[in-house]
Amino acid sequence: MEEISNLFHGFAVVLQPFNLLVMLFGIVLGVVIGVLPGLGGANGVAILLPLTFSMSPTSAIIMLSCIYWGALFGGAITSVLFNIPGEPWSVATTFDGHPMAQQGRAGEALTAAFTSSFVGALFAVVVITLVAPLVALFALQFGPPEKFAVFFLAFCSFIGMGREPPFKTVASMMIGFALAAVGLDSVTGQLRLTFGFTELLNGFDFLIAVIGLFGIGEILLTMEEGLSFKGRAAGINPKVVLQTWAELPRYWITSLRSCLIGCWMGISPAGATPASFMSYGIAKRTSRRGDNFGNGEIEGVIAPETAAHAAGTSALLPMLSLGVPGSPTAAVLLGGLLIWGLQPGPLLFIEQKEFVWGLIASMYLGNLVGLVVVLTCVPLFAAILRIPFSIIAPIILVFCAIGAYSVHNSTFDVIMMLVFGVIGYVMKKSNYPLAPMVLAIVLGDRAEEAFRQSLLGSQGSVAVFWSNGLVGSIMALGLIALFWPLINDGWIRLRARSPRRVL
Amino acid sequence: MARDSSMSDVSQGRGPGQRAVEIGVGVFTALFGAIVVVGGLQAGIGWGAEGPRPGFFPFYIGLLIIASSAVNLLQIRLTDRWRRFAEWRQLRQVLQVLVPTAIYVVAIPYVGIYLVSAALIAVFMVWLGKYRWSLTAAISIGVTIAIYLMFEKFFLVPLPKGPLEELLYL
């Protein structure tokens, strides 16, 4: 039980006053980010990443991950009260959360949402505590072919599991890889794809891409709608909280199932958004009151919120143990590791024990603090949404610009951010997914390095990716994920053909 | 039916079609792919002393971009012919944000971030929000000072400064 003692050591790190302060600051900031349109987990963390340059890596990751938890919580507030999902993963929460608020049960809906978020996150953190060290230990034996196979699996799942048209996902992802390749080649040090522009020497930083694609792009989308917020009043008092808590255990099966769905979808990089939809769909199908879903059923709030948080949290498992982030926000955190001078990957668990276990301990504590903060301060956060968009939009733009500038102290990056913003707007409107592009920009260099080293080792034979059982099975899993829609279709067709199914 | 569609046309307003924009996006990604292929060829795609040469990976990535763009272009006929990308009215609202922001990012290196940030907030509030000058001034200057304190003083992150800040010895 070395993990337990490590975890306690982690708690000791987190409980240092400075780290607690940073944690609270991160949570509150995160909720604000989650509430505001145009600022989400990924670009919120990206914008605030420069704030951590002067901190120790442990404090920095605690603050950033707490911003992430806060953003996950904040998304629920806008969904329930305003019917505006602050985050894509809280879209499913609006289906039943907002009708509940319209019936005057906002407090109940919010309590259910926050509590199930907490439960989902807690479940995922326990999974991380138990599983991540084992995965890391296992991954230590990986050579370049296995590393490439893991990247391959991650990217194939995006194509096969995503809700966007697969070839649009491929296009978006490959453009990300191409952008990652610009500048110095990490293996030989040779310049490539710069076409003589000195600005391109350092390539494209994914933080700039994240801030532009998600931040600016989202603002432009919001502007198109010409949003005026009309919300329901939020009142949470201790009595409602206790009553709702007393009711929640009745839905433990839904909770548990949503936790499992969330963890699975979070670890495979499908992410929180599909997890919340899938969990909502299954709950609707299996619940006895399924017909009433959409009219303000508390179970319809529990299911997506639990799954979204479980997914959002467990996305950090592959990020920590393999160095492969499961979501754009995890990708930004991974980018943070590189900036703070840590090498992501399984070695973290051996060389940076304090960092890893500090982070894991902060997940436990951060989610608890987050729950208390959101339960007590909902009216405050809801008030932020009443600030008119013509005031909040330029402030968000200014913060995006500051975030983009301070990554490399470069004003060229700020211009690139705006370019990425326009690209993000058009891509979003044309149904191209943004997450694969961001992940490809983050992982491009490392995936390419693993690929080239594998080929170097095998003298150019691609067969190296099937050379042993381990790498072969990871590659096979990748191919299954890639062709999943076809496999699934074929399976349904086969079943439809069998006579017993004909009713 | 015809009447229905004309009715909805009026209520939806005019704007560029979804298909037209998607064709544009597809052509753009294909061109981007071609540039990447050329860049890959320039860097060398063969086998060198250190394994595959630097252009090897981008070259094939570029080919994949071109191939997937081609499929996307072919699949455009699956989208509804009459779907609008956005209404002109909506695009005008987008431009109302985009144009001031473009001026903003270009001005940062010359004027410093603080002055243009205050100006950007003020422009939005007066032009789009129709607020009074007094409130506008209070918020735009207040936010800028708060940013200064938060980044430069608390988190020690230096931000770009211009002539005004030099005058104030900040």
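**Exercise 1. A buried helix**

Task: Which residues of α2(A) are buried, and what covers them?

Solution. The model is predicted.
Step 1: list the buried residues. They are A:Asn19, A:Val22, A:Met23, A:Gly26, A:Ile27, A:Val28, A:Leu29, A:Gly30, A:Val31, A:Ile33, A:Gly34 and A:Val35.
Step 2: find the cover. It includes α1 (2-14), α3 (41-48), α4 (57-82) and α17 (353-385) of chain A.
Step 3: check the helix length. Helix α2 of chain A covers residues 17-35, which is 19 residues. At 1.5 Å a residue, the expected span is 27 Å. The end C-alpha atoms lie 27 Å apart, so expectation and model agree.

**Exercise 2. The build of chain A**

Task: What radius of gyration would a compact globule of 503 residues have, and what does chain A have?

Solution.
Step 1: take the rule. For 503 residues it gives a value near 23 Å.
Step 2: compare. Chain A has 22 Å, which agrees with a compact globule.
Step 3: add the extents. The C-alpha trace of chain A spans about 70 × 65 × 50 Å along its principal axes.
Step 4: look inside. Of the 503 residues in chain A, 62% are buried. Take the contacts in chain A between residues at least 6 apart in sequence: 79% of them join residues at least 24 apart.
Step 5: count the elements. Chain A has 22 helices and 2 strands.

**Exercise 3. Two positive phi angles**

Task: Where do A:Phe195 and A:Asn431 lie, and is each exposed or partly exposed?

Solution.
Step 1: recall the background. Most residues other than glycine have a negative phi.
Step 2: take A:Phe195. Its phi is positive, about 50°, and it is not a glycine. A:Phe195 sits in the loop between β2 (191-192) and α9 (206-225) of chain A. It has 12 C-beta neighbours inside 10 Å, and exposed means 12 or fewer, so A:Phe195 is exposed.
Step 3: take A:Asn431. Its phi is also positive, about 70°, and again this is not a glycine. The loop between α19 (411-429) and α20 (435-457) of chain A holds A:Asn431. With 16 other C-beta atoms within 10 Å, A:Asn431 is partly exposed.

**Exercise 4. A helix residue and its sequence neighbourhood**

Task: Is A:Ala101 buried or exposed, and how many Å separate it from A:Ile128?

Solution.
Step 1: place A:Ala101. It belongs to helix α5 of chain A, residues 91-102.
Step 2: count neighbours. A:Ala101 has 25 other C-beta atoms within 10 Å; buried needs 20 or more, so it is buried.
Step 3: compare sequence with space. A:Ala101 and A:Ile128 are 27 residues apart in sequence, and 34 Å apart in space, C-alpha to C-alpha.

**Exercise 5. Chain B meets chain A**

Task: How many residues of chain B contact chain A, and which elements supply them?

Solution.
Step 1: count. 55 residues of chain B are in contact with 51 residues of chain A.
Step 2: name the elements. On the side of chain B, those giving two or more residues are α2 (18-43), β2 (51-52), α3 (56-75), α4 (88-111), α5 (113-128) and α6 (133-154).
Step 3: sort by class. That side has 39 nonpolar, 14 polar and 2 charged residues.
Step 4: turn to the core. The largest nonpolar core has 214 residues; A:Val210, A:Ala401, A:Met417 and A:Val438 have the most contacts inside it. This core draws at least three residues from each of domain 1 (16-78) and domain 2 (88-167) of chain B. The centres of these two domains are 38 Å apart.
Step 5: zoom in. Leaving out residues up to four places away in sequence, A:Ala401 touches A:Val414, A:Met417, B:Val105, B:Ile108 and B:Ile113.

Notes: Residues numbered from 1 in each chain as written. Chains lettered and ligands numbered in written order. Predicted model: local features only at pLDDT ≥ 70, side-chain atom pairs only at ≥ 80, totals over all residues. Helix = DSSP H or I, 4+ residues; strand = E, 2+ residues; numbered from the N terminus. Expected span 1.5 Å × (residues − 1). Contact = placed C-beta atoms within 7 Å. Domains from an automatic or database assignment. Rg over C-alpha atoms; globule rule 2.2 N^0.38 Å. Nonpolar A, V, L, I, M, F, W, Y, C, P; charged D, E, K, R; others polar. Core = buried A, V, L, I, M, F, W, Y, C linked by C-beta atoms within 7 Å.
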